[in-house]
Amino acid sequence: MKDCVTEEHLYLAFSHQYRESIFPLHTSISLFLLSYCDCKLFKIFLVPTGEDVGDQCVTKNLPGDLEVHLISRCQLPEVVRSCSLPAVVVKDGKFCRAGLSVVLRYIIQKTYEADPSKKDVLELLGFKKTCLKACAEVSQWTRLCEISIPLAVERFLTASPEHCQAIPPDILQFERKLGEPVRVHNDDKIRRQKLQQQKAGAKAAVPILGEEAERELKAGEVHEHPPPSLELSLAFSKLLVQEASDAVSREASHIRRTKTSDLPLLDHIFAEGLYFTVADLVLFPCIHQFLVSSKKQGRNLVNLPLISTWYRRVQEVPGVKKAAGKCNMELLQLPELMSAPEEQAQDFSSVPDELEEENEDSHFIGGPRPTMTKLMENGIEAKFFPHPCPNWTLDWTSLPSAVSPGEGKMSRDRALRKQQQLNNLVGVVTKLAKPGDVIVDFCSGGGHVGIVLAHMMPSCQVVLIENKELSLIRAKDRSDELGLNNIWFIQANLDYFNGTFNIGVALHACGVATDMVIEHCIRARAAFVISPCCYGFIQNTVKFKYPRSRQFKEILSYKEHMILCRFADQTAVQLPPERRLIGKQCMGLVDLDRAWAAEEQNYSVQVISMEPESCSPKNNMFVGTPT
C-alpha cells in the first residue's frame, strides 16, 4: 500500500428499506461487494432521496463492520450532484467515478492495490479485466446486470400482489442466459477435455472448496455437492487459485483430431460462464430478494431451475456467506428451492427476448447507390452548410505544451491534424459560449478538447466525461500540470451524468455515442458541437432505432440505412478518390438524418465539413442550437 493515500468518499443513495435490503438495490449491491472484499478504504456516505429519513432507519440493516455517515444531497460535492449514485470522489472534488459498474470495478481495483494477496478479488474482473466494462448503452449483458434486473426486482418487490403474478421478463432473460452454451478463452481445449471425459465415462472429481466452504457444509447450510463436472472443477479450482491438473490432463490423439463442431458445449457454472465474477456479486443480492419474495408469496420456482442452481452454487463460493451475514441477508436453504416434480417447466422459447437486437443481417449485398438513388428520387441529398469560422485557429506556439495534443505520444503529422480538428470545434464553441457557461466534453478520451476549452475560457466550467479510466487519468495529469481550476473529470457512462449544462461537445464520438450525446444535449436544451466517427458501428440498440428522422423512416428501411452507415466508413485516404467521395456522401446522409431528428425536437442544426477536410477522414461536424 502507498505511504500516502488520498481519502476517497463513496456516496450511496438511500430511498427506503424493504425487509433486509436497502433501496435502491444499487446501494445494497455496493455494500455487499464491500463486505465480500472486506474493503474499508472508503469513507461511506448514505444520501437519502427523501426528507423524512432518520439516522435509525438508515443504519438498521447496514453491515456492522462498516462506518457509514448520513449526508443530505445539498451537502454533496458539486461534481457528485451532477451524477447518478453510486459515486466515488477524491476529497479535492474534481475527479468522480459514477455508476454501478464503474464504482464496483474501482472498489475491486483499490482492494487489490491495497492488498495484492487478494488475487481472488482481482479475478472478479474476469478475463482481461473486462467484466461489466462495456457500457450499458451498447452492451446487452451490462445493461441486464446493471440496470434491467435491479429495476425489475425493485418493481417486483414493491408491486401489489395482484400486479406481480408473472416472473419479470428480465429474470427470465437471465434464466435463458444461464442455459446458453459458454464461450471462454481457450474453450476449444476445455471442450476437448470434456469430450475425453465423456468418452472415458469418467466423473470429474468434485473440487475441494476450501476450509471456509467446508465449515459452511458442516454447519448444514449446504446439503449436497453440486453435480460433478469438468466445468465445476475448473471453476472452483480457479476460485481457490489451484491448478486443475486432474481436469486438464492431455487429451488422447483421437480427441485432438475431433472437429471443433463435434465437440461438446460447455455449461454455465456462474453468470458469465465458467468463472465467478463481479457480475455474480451484482446479481446475487437482486436474485436473493426476488427468491425470498417469491417464497413468501408461495411461488414454486420450477420455472427457474438454472437460476435456482446458480443461487445455490454462488453460496458455496468462499466468502459469500460471510458477506451475506454482514449484510443481514438470510440465505434460502436448498430444500426451499427444490422443484415440484409434477409441475411443468415454462417453455422459454415463447418468452420474448426484450434485449434482442432488431438487426436482420449485417452482411449486405451490393453498394450504396440504390439507396442513395432512392433518397434522391425523394428529394434528399447530402448537404453541407458553410463553415461559420473557416480561418479561425489557435496560436498553438504560444500555448503551454500540456495544452497541445502533441504532448502525448502522437506523431508530428497526427498531432497537426488533431490541432486542426480542435481549431474547428473550439472555434465554434467560443462563438457559442458566454461567461459562466458549463461546457461538457463527452467521450473526452485524453481530454484534448476539454483541456483546450478550460485553458482558453477560464470563466466557464468544463466537465470531461469518459468511460475509460486511464484516458481520464492522463487528462487529469495534464490539467494538474496547467493548474486548471475550472475543470471536472467524471468516469461514467453517459447515462449516469444528469447535470445541467449549456454546451455539449464531442470529438469523434464513436457510432451510437454521437446519438447519445445529441440526446443528452436535447434533454438539457444545450447547444452542441459534435464530430461523429465510426459510422459502421451504428446499429439498433435498446435506446436508439434507425433511421432517426421522420423523413428518412418514411423512405428507408433499417437495412437500407445500415448500408449507408457501412459505406460512410469508407473515407480513408488510401482509398480511390471516387470511393472516398461516395463515403463522404454517405456520411452526409447519415448525419442529415440525425440533424433532422434533432430539428424535430425544436433545434436548428447544421452539418459542416471541417477545415481543412484533410484533418480527418471523418470530417463532418454538427452545430446545433435550441430554437
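## A walk from Ser 30 to the cores

Start by selecting Ser 30, which sits in helix 1 (residues 25-37). Keep in mind as you click around that this is a predicted model.

Is Ser 30 buried or exposed? Its relative accessibility is 0%, and buried means under 20%, so Ser 30 counts as buried. Now show its polar partner: the Ser 30 side chain reaches the backbone oxygen of His 26 at 2.8 Å. Those two are four places apart in a helix, which brings up a handy rule. With 3.6 residues a turn, an α-helix has residues three or four places apart pointing the same way. Leaving out residues up to four places away in sequence, Ser 30 touches Leu 12, Pro 86, Leu 100 and Leu 104.

Next, hop over to the strands. Select strand 4 (residues 42-48), where six of the seven residues are buried, making the strand mostly covered. Which strands pair with strand 4? Bring up strand 1 (residues 8-14): it runs parallel to strand 4, and seven bridges join them. For one pair to click on, take Leu 10, whose bridge partner in strand 4 is Ile 44. Then add strand 5 (residues 68-70), which also pairs with strand 4 in the parallel sense, over three bridges. Here you'll find Leu 46 opposite Leu 70 of strand 5.

Now for helix 6 (residues 140-158). Its 19 residues should span 27 Å at 1.5 Å a residue, and the end C-alpha atoms are 25 Å apart, which agrees. Still, zoom in on Ser 148: helix 6 bends there by about 35°, and Pro 150 follows within four residues. Turn the surroundings back on and you'll see that helix 6 is largely enclosed by the rest of the structure, because 14 of its 19 residues are buried.

Last stop, the nonpolar cores. Which residues touch the most other members of the largest core? Select Leu 124, Phe 174 and Trp 310: those are the ones, out of 76 residues in that core. Colour helix 12 (residues 278-296) too, since it supplies the largest share of this core, 11 residues. Centre the view on Trp 310 and show its contacts. Not counting residues up to four places away in sequence, Trp 310 touches Phe 174, Leu 178, Ile 269, Phe 270, Ala 271, Asp 280, Leu 283, Phe 284 and Ile 287. To finish, jump to a second, separate core of 65 residues; Phe 497, Tyr 535, Ile 538 and Ala 595 are among them.

Notes:
Residues are numbered from 1 along each chain as its sequence is written. This is a predicted model: local features need pLDDT of at least 70, side-chain atom pairs count only at pLDDT 80 or more; totals for chains, interfaces and linings use all residues. Side-chain values use heavy atoms; hydrogens and water are left out. A nonpolar core is a set of buried Ala, Val, Leu, Ile, Met, Phe, Trp, Tyr and Cys residues joined through side-chain atoms within 4.5 Å. Buried means under 20% relative accessible area, exposed over 50%, partly exposed in between (1.4 Å probe, protein chains only). Contact means heavy atoms within 4.5 Å. The expected span of a helix is 1.5 Å times one less than its number of residues. The bend at a residue is the angle between axes fitted to the seven residues ending there and the seven starting there. Two strands pair if DSSP finds at least two bridges between them. A polar contact is a pair of N or O atoms within 3.5 Å; within protein, one must be able to donate a hydrogen and the other to accept it, and residues adjacent in sequence count only if both atoms are side-chain atoms.
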